[in-house]
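Open the model in your viewer and keep the selection tool at hand. The tour moves stop by stop, with something to pick at each one.

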Amino acid sequence: MTDLDLLVRARRVITGSGEAPRCVGVRDGAIVAIEPPDSALQASRVVELGDDEVLLPGLVDTHVHVNDPGRTEWEGFATATRAAAAGGITTIIDMPLNSIPPTVNVGAFDIKRETAAAQVWVDVGFWGGAVPGNLPDLRKLHDAGVFGFKAFLLHSGVDEFPPLTADELRRALRALRDFDALMIVHAEDSHAIDRAPAAHGADYRDFLASRPRGAENLAIAQVIGLARSTGARAHILHLSSSDALPMIRSAKRDGVRITAETCPHYLTFAAEEIADGATQFKCCPPIREARNRELLWHGLADGTIDMVVSDHSPCTPELKCLDTGDFGEAWGGIASLQVVLPAVWTEARRRGHSLTDVVRWMAEHPARQAGLLRKGRIALGHQADFCVFAPDDAFTVDVRRLHHRNRISPYDGRPLTGTVRAAWLRGAPAEEPRGRLLTRGEA
């Protein structure tokens, strides 16, 4: 091939068949050749990676709260997607809540797309929302191109996105089964949390007790039961309780159409290490104990947990209550989009996992779950979305160098290993807002 737009040569390339030295040829934004490094392929642009660099597929993050429009002071499409590109993430899917209006009907979906247009640095898709009263809107949103539907089983934190009851969730799952759409669920049981002691003050242990594992376990059991009885596809968001792993494993073995994700903060931090008043660590469900963290790693290794995504959910400094350190009052959400790859890689390599494992968890499986059939892998016919990663580079996170809107993150000051040196979107550097808005049908 002599008419390639781009040729990337690297000593280490993570392809669908593993790691190997390869040259990757790109034409019209797609991968058209993967050959040994001494191939005679030619291109109008040739990029030679350094010996310390690895070519990965661009990561796919299916759990990002952009909050735009309506709460753009928390986060916006321009800042979130620039942070994603800097972190090697070339595709995100935006959550339907925290923006105003929430994405619960086609009109709100149109507003969301109009807001995002012309300011995204990476490709962006959208989840729809399942809330009380919008059952007739689900098929319309599906046909308009959302990637699936998010529901809460307890208060979401914002009044304009209320939770579903068990019966409402059952009816929504039955409706989604008819057109094979995916339901993604924030699974914590509201009654169990109501019975738990309320969070108050600066003691992290009090906050942890207010969101017990039992609340998560009960809700996950309910979602599994409803997925089993309806035959619908369901996905457990941000799994933090390792107690739920046996029931998820058993349900999968029984053929229930259930998947699960966890997040970098649950794989990195431990409750025992969180200082009093450190509200930048508050998220729901919460970061749990070190033993729980290790069991989550085992769940990833054996495939019970399918993927790792950020759940990037930032807010303003005032809402984090950094001045008082009150865990009961602070907004629950972790800001991490730009550092999730080095965070996961730092902990993964410590436990003997490879970059191939990380790519499977953070690119291939999220893309597959969302139906992004040409993303998440370096493979023939796939889009030429790349991440150039230096896995041995060590650095300390400086929140002032992160691109998300409000420079707050629990990773600030944390030493990590692995730096993202470049991201490429459809064969071009992701150095300006040239991302596309994705719909499920086009994906």
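Begin at Gly 145. This residue sits just after helix H3 and takes a positive phi of about 115°. Remember as you go that the model is predicted.

**Helix H3**

Step back and select H3, residues 135–144. Which of its residues are buried? They are Leu 138, Leu 141 and His 142. Now look down the axis of H3. The buried residues fall within an arc of 100°, so they line one face of the helix. A general rule helps here: an α-helix has 3.6 residues a turn, so residues three or four places apart point the same way.

Turn to the other side of H3. Pro 136, Lys 140 and Asp 143 are exposed there.

Next, show what the buried residues of H3 pack against. The partners are helix H2 (106–116), strand E9, strand E10 and helix H4 (166–178).

**The open sheet**

Two of those partners, E9 and E10, lead into a sheet. Select its six strands in order: E9-E10-E11-E12-E13-E14. The sheet is open, and the pairing is parallel. Which strands lie at the edges? Pick E9 (128–129) and E14 (307–308), each of which pairs on one side only.

Zoom in on E9 and E10. Strand E10 covers residues 149–152. Two bridges join E9 to E10, and the two run parallel. For a single pair, select Gly 128 and Phe 149: Gly 128 stands opposite Phe 149 in E10.

**The cavities**

Now turn on a cavity display. How many cavities of 30 Å³ or more does a search of the whole structure find? There are two.

Take the largest cavity. About 70 Å³ of space lies in it. Its lining has 13 residues. Select the ones closest to its centre: Pro 314, Cys 315, Lys 320, Ala 335 and Ile 408. By class, the lining has six nonpolar, six polar and one charged residues.

Move to the second largest cavity. Its volume is about 40 Å³. Select the residues that line it: Leu 59, Val 60, Asp 61, Ile 89, Val 308, Val 309, Ser 310, Val 340 and Met 362. Which strand gives the largest share of this lining? Strand E6 (residues 59–64) does, with three residues. By class, the second lining has seven nonpolar, one polar and one charged residues.

One last selection links two stops. Colour Val 308: this residue lines the second largest cavity, and edge strand E14 spans 307–308.

Definitions and conventions:
Residues are numbered from 1 along each chain as its sequence is written. This is a predicted model: local features need pLDDT of at least 70, side-chain atom pairs count only at pLDDT 80 or more; totals for chains, interfaces and linings use all residues. Side-chain values use heavy atoms; hydrogens and water are left out. On a 1 Å grid over the protein atoms alone, a cavity is a set of points where a 1.4 Å probe fits but cannot get out, and a pocket is an open set with protein on both sides within 12 Å along at least five of seven lines; lining residues have an atom within 4 Å of a point. Grid points are joined across faces, edges and corners, and a volume is the space filled by probe spheres set on the points. Ala, Val, Leu, Ile, Met, Phe, Trp, Tyr, Cys and Pro count as nonpolar, Asp, Glu, Lys and Arg as charged, and the others, Gly among them, as polar. Helices (H or I, at least four residues) and strands (E, at least two) are DSSP runs, numbered from the N terminus. Two strands pair if DSSP finds at least two bridges between them. Buried means under 20% relative accessible area, exposed over 50%, partly exposed in between (1.4 Å probe, protein chains only). The arc is that of the directions from the helix axis to the C-beta atoms. Contact means heavy atoms within 4.5 Å.
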